[in-house]
Amino acid sequence: EAYLEEETTKAILEKNQRVAGRALDQIRPLSASVGILPRTHGSGLFSRGETQVLSIVTLGAPGDALIQDEMTKEDTKKYYIHFYNCPPYSFGETGKFMSAGRREIGHGALAEKALIPVLPDRAGFPYTIIVVSEVMGSNGSSSMASTCGSTLALMDAGVPLKKPVAGIA
């Protein structure tokens with residue numbers, strides 16, 4: 001294991017080459033599609049190399065907001081909700097489909113945090129927005145692929161974003 005790490009480091013430092021053969025300043029091929037699910041409010045498919053995420057947007061009424069039961073004087077309502085699903089097959093593995101784990105919760109929160117600043121004000125766009133990001137395949141940075149796919153899906157749904165969001169790692 002130490003030998004592999006040493007040879008990998010040598011290839012990077014001496015040959016400017018990564019394990020997959022790409023140069024240090026080269027990224028994997030990118031592709032993006034929108035509107036691929038015709039009966040949804042919005043959908044976006046983002047791919048970077050073997051990582052592929054399908055994001056789906058559903059717009060709901062203001063009353064569909066998620067009520068967060070917190071120990072405060074007022075109920076906190078959440079009008080933008082982002083779910084992230086990364087089943088075992090996305091890594092080429094087998095396994096049980098269970099409830100969301102730390103990875104799913106954390107990556108969903110990361111994508112949500114990246115998109116909240118560009119969402120329209122509720123006064124001009126009062127809808128509850130639910131985004132579900134389904135990781136179809138993963139070879140790294142699926143949380144940023146989720147952010148990119150979700151931006152596409154939100155624009156496909158007609159959500160007037162202040163600016164598009166993209167990220168890569």
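Start by selecting Ser-138. Leaving out anything up to four places away in sequence, Ser-138 touches Glu-50, Thr-51, Ser-90, Phe-91 and Arg-103. What you're looking at is a predicted model, so keep that in mind as you click around. Ser-138 sits in the loop between β7 and α3. Is Ser-138 buried or exposed? Buried: its relative accessibility is 14%, and the cut-off for buried is under 20%. Now add Val-53 to your selection. Ser-138 and Val-53 are 85 residues apart in sequence, yet their C-alpha atoms are 8.3 Å apart in space.

**Zoom out**

Show the whole chain as a cartoon. You should find three helices and seven strands. Follow the chain along its sequence and the pattern reads α-β-β-β-β-β-β-α-β-α. If you drew a box around the C-alpha atoms along the principal axes, it would be roughly 60 × 35 × 30 Å.

How much of the chain is buried? Of the 169 residues, 35% are. Switch to a surface view and you have about 10600 Å² exposed, with carbon and sulfur atoms supplying 56% of that. Colour by charge next: there are 17 positive and 18 negative charges, and their mean positions lie 3 Å apart.

The Ser-138 and Val-53 pair was a taste of how the chain comes back to itself. Take the contacts between residues at least 6 apart in sequence: 64% of them join residues at least 24 apart.

**Next stop: Tyr-84**

Select Tyr-84, in strand β6, which covers residues 80-85. Tyr-84 counts as buried because its relative accessibility is 2%. Who surrounds it? Beyond its neighbours within four places in sequence, Tyr-84 is in contact with a list of residues including Arg-103, Glu-104, His-107, Ser-133 and Ser-146. Show side chains and look for Ser-142: the side chains of Tyr-84 and Ser-142 make a polar contact at 2.5 Å. Val-135 is another one of the contacts of Tyr-84. Those two are 51 residues apart in sequence, with 7.7 Å between their C-alpha atoms.

**Into the cores**

In soluble globular proteins, nonpolar side chains tend to be buried together. To see a case here, select Val-57, Tyr-80, Leu-119, Ile-129, Leu-154 and Val-159. Within the largest nonpolar core, which has 14 residues, these six touch the most other members. Which elements give two or more residues to this core? They are β7 (128-137) and α3 (142-156).

Click on Ile-129 by itself. Setting aside neighbours within four places in sequence, its contacts include Val-57, Tyr-80, Leu-119, Leu-154 and Val-159. Thr-58, Leu-59, Tyr-79 and Ile-81 are in contact with Ile-129 as well.

Another core, of eight residues, lies apart from this one; among its members are Val-53, Cys-86, Val-135 and Ala-145. You've already met Val-53 beside Ser-138 in the distance check and Val-135 among the contacts of Tyr-84.

**Last stop: Thr-128**

Finish with Thr-128 in strand β7. Thr-128 is buried, with a relative accessible area of 0%. What does its side chain reach? One target is the backbone oxygen of Ala-61, at 2.9 Å. Another is the backbone nitrogen of Ala-65, at 3.4 Å. Not counting residues up to four places away in sequence, Thr-128 also touches others, among them Thr-58, Leu-59, Gly-60, Pro-62, Asp-64, Tyr-79 and Ile-81.

Conventions: Residues are numbered from 1 along each chain as its sequence is written. This is a predicted model: local features need pLDDT of at least 70, side-chain atom pairs count only at pLDDT 80 or more; totals for chains, interfaces and linings use all residues. Side-chain values use heavy atoms; hydrogens and water are left out. Helices (H or I, at least four residues) and strands (E, at least two) are DSSP runs, numbered from the N terminus. Buried means under 20% relative accessible area, exposed over 50%, partly exposed in between (1.4 Å probe, protein chains only). Contact means heavy atoms within 4.5 Å. Accessible areas come from the Shrake-Rupley method with a 1.4 Å probe; for residues, only the protein chains shown count as cover. Lys and Arg count as positive and Asp and Glu as negative; His and the chain ends are not counted. The place of a charge is taken as NZ of Lys, CZ of Arg, CG of Asp or CD of Glu. A polar contact is a pair of N or O atoms within 3.5 Å; within protein, one must be able to donate a hydrogen and the other to accept it, and residues adjacent in sequence count only if both atoms are side-chain atoms. A nonpolar core is a set of buried Ala, Val, Leu, Ile, Met, Phe, Trp, Tyr and Cys residues joined through side-chain atoms within 4.5 Å.
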